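Here's a protein chain to explore together. Take a moment to turn it around on your screen before reading on.

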Amino acid sequence: MLRVVNRVLLGIVGLVLVVIGGSVLAVGLGLDPPSWWIHHDRHDVLLSDAERTRWRGDAWWWPTVIAVLAVLVLLALWWLTTNLRRRRLAEILVDTGDGEGALLRGRALEGVLESEAAGLEGVQRAHVHLTGRRSAPEARVRLLLEPHVDPGTALNDLTTQALTHARDSAGLAALPTEARLRGVKHRAERVT
C-alpha cells in the first residue's frame, strides 16, 4: 500500500511541477498564453502586490492558511514516518506450549531459511525477508535459479522442504510466503 501511495503522490507532484515549470518556460520564451492563464507575458510576476494582500484583512484568511499548512505538515510527517519505519520483522513469538512463549530473532529465521533455500537443487542464490506481525509472520523469498531448472520443481522443493522446516521449527500454524523466481542470465548454447 505504501509503495502505491508513494508512486501516486510523487507522480501527481511531478506532473504539477512539470506543467507549471513548462508553462512558465513557454511564456518566458515568448509563447502567447491563453487568457485564463496566470502569466500574461515575459515580465509578469507570479503574485502581484494586490493579489498577495487581497485577503489579509479578512477574518477567515489566517486560520485557513494555518489549517492548510498544519494539514500539509501532518501529511508530510505521516509520509516520513511510514517510509522510515522498519519493515523487517525483528522477532517472532513462538508458542512453547506452557502458556508463556519465547521470542525468536527474525534475522535468525531468515538466515536459516536462506541457507536451506540456497542449498536446494538448482538454486544459485536465495534471499529471505520476513514481514508481518510477530505472532503472524510472512516471508518474501527470492530465488535465483540455475539454467535448465524447472521453476515448478524449485518452488515445490522450497515449499515442502525449507518453508515446512521453518514453519514447524518455529511452531507456526502458517507461514504465508511470496516467492519470486528468476533465472540466471547465461549465453545461448550452440546446437550442432
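## Starting from Leu143

Let's jump in at one residue. Setting aside neighbours up to four places away in sequence, Leu143 makes contact with Ala117, Val123, Arg125, Ala126, Leu158, Arg180, Leu181 and Arg182. Keep in mind that what you're looking at is a predicted model.

Which residues touch the most other members of the largest nonpolar core? They are Leu143 and Leu158, in a core of 22 residues. Four elements each put in at least two residues: the helices α4 (106-118) and α5 (151-170), plus the strands β3 (123-133) and β4 (136-145). The largest share, 6 residues, comes from α5. Here's some background to go with that: in soluble globular proteins, nonpolar side chains tend to be buried together.

## The whole chain

Now zoom out. The chain has 5 helices and 5 strands. Read from the N terminus, they come in the order α-α-α-β-β-α-β-β-α-β.

How does the overall shape compare with a ball? For 192 residues, a compact globule would have a radius of gyration near 16 Å, but this chain comes in at 28 Å. Along its principal axes, the C-alpha atoms fill a box of roughly 75 × 65 × 20 Å.

Just 20% of the 192 residues count as buried. About 14400 Å² of surface is exposed, and carbon and sulfur atoms supply 61% of that. Take the contacts between residues at least 6 apart in sequence: 49% of them join residues at least 24 apart. As for charge, there are 23 positive and 21 negative ones, and their mean positions are 5 Å apart.

## Two buried residues in helices

Is Glu110 buried or exposed? This residue of helix α4 has a relative accessibility of 4%, so Glu110 counts as buried, the cut-off being under 20%. Beyond its neighbours up to four places away, Glu110 touches Arg88, Val128, His129 and Leu130.

Asn6 sits in helix α1 (residues 2-28). Its relative accessible area is 15%, so Asn6 is buried too. Which residues does Asn6 touch, apart from those up to four places away in sequence? The answer is Trp79 and Asn83. Asn6 and Asn83 are 77 residues apart along the chain, yet their C-alpha atoms are separated by 9.1 Å.

## Around the strand β1

Ala90 is found in the loop between α3 (61-84) and β1. With a relative accessible area of 43%, Ala90 is partly exposed, because that value falls between the 20% and 50% cut-offs. Leave out the neighbours within four places in sequence, and Ala90 is in contact with Leu104, Arg105 and Gly106. The C-alpha atoms of Ala90 and Leu104 are separated by 8.6 Å, with the two residues 14 apart along the chain.

On to the next loop, between β1 (91-94) and β2 (102-105), where you'll find Gly97. Its relative accessibility is 67%, which is over 50%, so Gly97 counts as exposed. Now look for Asp58: Gly97 and Asp58 are 39 residues apart along the chain, and their C-alpha atoms are separated by 68 Å. Set that beside the pair Asn6 and Asn83, which are 77 residues apart along the chain with C-alpha atoms separated by 9.1 Å.

Notes: Residues are numbered from 1 along each chain as its sequence is written. This is a predicted model: local features need pLDDT of at least 70, side-chain atom pairs count only at pLDDT 80 or more; totals for chains, interfaces and linings use all residues. Side-chain values use heavy atoms; hydrogens and water are left out. The radius of gyration is taken over C-alpha atoms; the globule rule is 2.2 Å times the number of residues to the power 0.38. Buried means under 20% relative accessible area, exposed over 50%, partly exposed in between (1.4 Å probe, protein chains only). Contact means heavy atoms within 4.5 Å. Accessible areas come from the Shrake-Rupley method with a 1.4 Å probe; for residues, only the protein chains shown count as cover. Lys and Arg count as positive and Asp and Glu as negative; His and the chain ends are not counted. The place of a charge is taken as NZ of Lys, CZ of Arg, CG of Asp or CD of Glu. A nonpolar core is a set of buried Ala, Val, Leu, Ile, Met, Phe, Trp, Tyr and Cys residues joined through side-chain atoms within 4.5 Å.
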